[in-house]
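User: Mind walking me through the cavities and pockets here?

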Amino acid sequence: MFRGTVTLEYLMQSTMPVPVTHVIFDVDGLLLDSESIYDVIIDSILKEHGRKLSTEARCKIMGKKDTEVATILIDEFELPLTVEEFLQHDRRQQEVLLPSVELLPGAEKLVRHLHRQGIPIAVATGSSKRSMELKTARHKGLFDLFHHFVYSSDDPEVGKGKPEPDCFLLAARRFPADPEPNKCLVLEDAVNGVVAAHAAGMQCVWVPDPQQPQDGYKEKATLTLTSLTEFKPELFGLPPYED
């Protein structure tokens with residue numbers, strides 16, 4: 001029996017939550033309000049070539065490796081750039097904009113709660129270590145609580161980015177207990193991340209970006225929320241909030 005109030009959204013899910021022992025977090029759009037900054041950066045690059053970022057293209061690139069993002073956008077918009085040229089433009093603007101990123105509602109409370117309760121937590125992101133250091137600089141104390149990070153853009157053990165399951169499976173293996181996938185809970189905001197978690201055999205709490213299409217993906221998530229502030233750890237056998 002699960003403790004706490006069960007919402008209508010929970011009842012509408014296709015699978016019942018089962019207890020987990022480990023939690024893996026995405027970052028952009030889930031813990032940090034950074035997706036809007038990436039939109040500004042990409043739009044500025046596209047604008048130089050008379051293009052504009054579409055919702056469809058935005059969904060395709062969320063959660064991807066840096067090189068995959070560049071390749072997709074170059075192909076999609078027929079940009080006269082190499083992948084390295086695109087990334088150079090991208091990195092220059094990241095240096096200026098990413099250090100100002102704020103935490104999203106509910107993020108700090110959840111991370112600190114799980115850490116305080118001794119629940120092993122990790123990050124699996126499509127970002128590079130360099131960009132993560134930029135956007136977490138103002139929140140170092142919080143991100144120091146994670147046991148480890150999988151940076152898909154840098155890590156040679158990540159063959160493909162999301163929606164492939166590589167980064168989540170690797171994040172699970174790097175916990176000392178090496179838990180089975182079904183003992184890991186993924187928290188995600190992107191469609192690509194939800195598909196990746198499902199492919200990894202992990203439960204997933206989805207906090208979707210409002211610009212993303214949700215039809216056809218909810219059945220891959222165990223639970224869909226509008227904000228991390230709605231998350232009830234006890235639904236997954238984790239210690240409930242104390243307040």
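Analyst: Terms first: on a 1 Å grid over the protein atoms alone, a cavity is a set of points where a 1.4 Å probe fits but cannot get out, a pocket is an open set with protein on both sides within 12 Å along at least five of seven lines, and lining residues have an atom within 4 Å of a point. Points join across faces, edges and corners, and a volume is the space filled by probe spheres set on them. This is a predicted model, where local features need pLDDT of at least 70, side-chain atom pairs count only at pLDDT 80 or more, and totals for chains, interfaces and linings use all residues. Residues are numbered from 1 along each chain as its sequence is written, and side-chain values use heavy atoms, without hydrogens and water.

User: How many cavities of 30 Å³ or more are there?

Analyst: The probe has to fit but not get out. By that rule, the count of cavities of 30 Å³ or more is one.

User: How much space lies in the largest pocket?

Analyst: Its lining has 18 residues, with Gly 29, Asp 33, Leu 104, Asp 209 and Pro 210 nearest the centre. The space in the largest pocket comes to about 290 Å³.

User: Is Leu 104 buried, partly exposed or exposed?

Analyst: Buried means under 20% relative accessible area and exposed over 50%, with partly exposed in between (1.4 Å probe, protein chains only). Leu 104 has 22% relative accessibility, so the label is partly exposed.

User: Which residue, 75 along the chain from Leu 104, has its C-alpha 7.7 Å away?

Analyst: Beyond its neighbours within four places, Leu 104 has contacts (heavy atoms within 4.5 Å) that include Leu 30 and Asp 33. The C-alpha 7.7 Å away belongs to Gly 29.
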